[in-house]
Structures are given as C-alpha cells and as structure tokens.
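Work through the following exercises on aromatic side chains with the model open beside the text. Each task is followed by a solution that proceeds step by step.

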Amino acid sequence: MQRYVALLRGIAPSGQNMTNDRLSGVFEELGLADVGSVLASGNITFSTDTTDVPALERRIEEALSRLLGVRSCTIVRSSAELRTLVDSDPFGGARHERRSYLTATFLQNAAGVPDVPPMTPGLATRVIGYDAPARAVLAVTDNSDPSSGSRLMTWLEKAYGKDITTRSWLTVQRIVTKLEH
C-alpha cells in the first residue's frame, strides 16, 4: 500500500460540509484505507494500492461533489514525494515565522518544469524555485504588508491557473509526519 495526501483547494472548517470527519468519510466511502486529516484545512491522508494519481484525483473530486456538494481541486502527492521535498531543505534553513512566510504551491497538472514568471513589482515575495518531483512552486513572503498573502495568491493563479493549492511549509512538514506515522 502506498501512502498519499490529498490537498484539497478551498477547504476551510467554516462550512458544515467541511469538517474533517465528513471529508474523511468521503475517502472511506471510496474504499481508501488509513484515512486521517492534518489540521482543518483539507489535508486528508490515506493509503491505497492505486498508482494512477490523475485517476485518483478525479475520483476524489467526483466523490466530494456527489457526497458533499463540494467542488474542489484535488492534488494528490505521495509520502515519498513530500519526504524528498522536505529533506531537500529548499528554503536553505530559513524559518517560517510571523514576518517570513514559507509556502509550497502544488500544481495539479504540471508537465515538465514550468517557467517561473517574473514576480509582479511591489509583491513582497521571493520565489525560491520549482521542485519538479513534488510539482511545487516554493516562495518566501515578507508578511510586514498584510495584503502580501492575497497578492501572492492572485499572482500564482495568473501564472499557473486555478488547479493549484498552497500550503505553508509548516503544514507540509506536519503532513509528512502524519504520513510516516
């Protein structure tokens, strides 16, 4: 059995259909094993023998829509892909702090290595680069400007489309810990 995480775009604990129990129930209904959650933001861990990740993403998206009425881009990554990303220390020892926000934006349909377009002037973010095995754009945002996070999300959608989802580096590390235990 392979361990995976489904990174669900736009999932927040504010809606009645967004509880971890209900989200996990959808994965159990699909026959996936060892289902768990990381935080309350749409990170569902599971095990399966399935290796066709695009088909798995489509199955999960369809089930979320059918069972919960939730339309969400689903991005699946294996435990090994995320472990390799974390072990590579892409941020060079930088710490995720109040003023320095480290993020990984996962692309659903990345073929090859996408170009990282130039940043919008005035955006308080530095793109570290693209990690091809995890299909993730890595960035550091200076949070001294409260609007910098929303401007980063707008830039990412313009650059890569809406089939993406962003996680803080701390969340990525927590997901890896959950997948390995």
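**Exercise 1.** Determine whether F91 and W169 are buried or exposed.

*Solution.* In this predicted model, F91 has a relative accessible area of 8%, and because buried means under 20%, F91 is classed as buried. The same cut-off applies to W169, whose relative accessible area is 7%, so W169 is buried as well.

**Exercise 2.** Classify the geometry of the pair that F91 forms with W169, and locate both residues in the chain.

*Solution.* The ring centres of F91 and W169 are 5.0 Å from each other, which satisfies the requirement that centres lie within 6.5 Å. The angle between the planes is 70°, and since angles over 60 degrees count as edge-to-face, the pair is edge-to-face. As for location, F91 belongs to the loop between α3 (79-87) and β5 (100-107), while W169 is in helix α5 (residues 169-180), so that the pair links parts of the chain 78 residues apart.

**Exercise 3.** Count the aromatic pairs, and analyse the one formed by Y4 and F46.

*Solution.* The count comes to three aromatic pairs. One of them joins Y4 and F46, with 5.7 Å centre to centre and 25° between the planes; planes under 30 degrees apart count as stacked, and this pair is therefore stacked. Y4 lies in strand β1 (residues 2-8) and F46 in strand β3 (residues 43-48), 42 residues apart. Y4 counts as buried at 4% relative accessibility, and F46 is buried with a relative accessible area of 0%.

**Exercise 4.** Which residues form one aromatic cluster?

*Solution.* The cluster consists of Y4, F27 and F46.

Key. Residues numbered from 1 in each chain as written. Predicted model: local features only at pLDDT ≥ 70, side-chain atom pairs only at ≥ 80, totals over all residues. Heavy atoms only, no water. Phe/Tyr/Trp six-rings, centres within 6.5 Å; stacked < 30°, edge-to-face > 60°. Helix = DSSP H or I, 4+ residues; strand = E, 2+ residues; numbered from the N terminus. Buried < 20%, exposed > 50% of the residue type's maximum accessible area, 1.4 Å probe, protein only.
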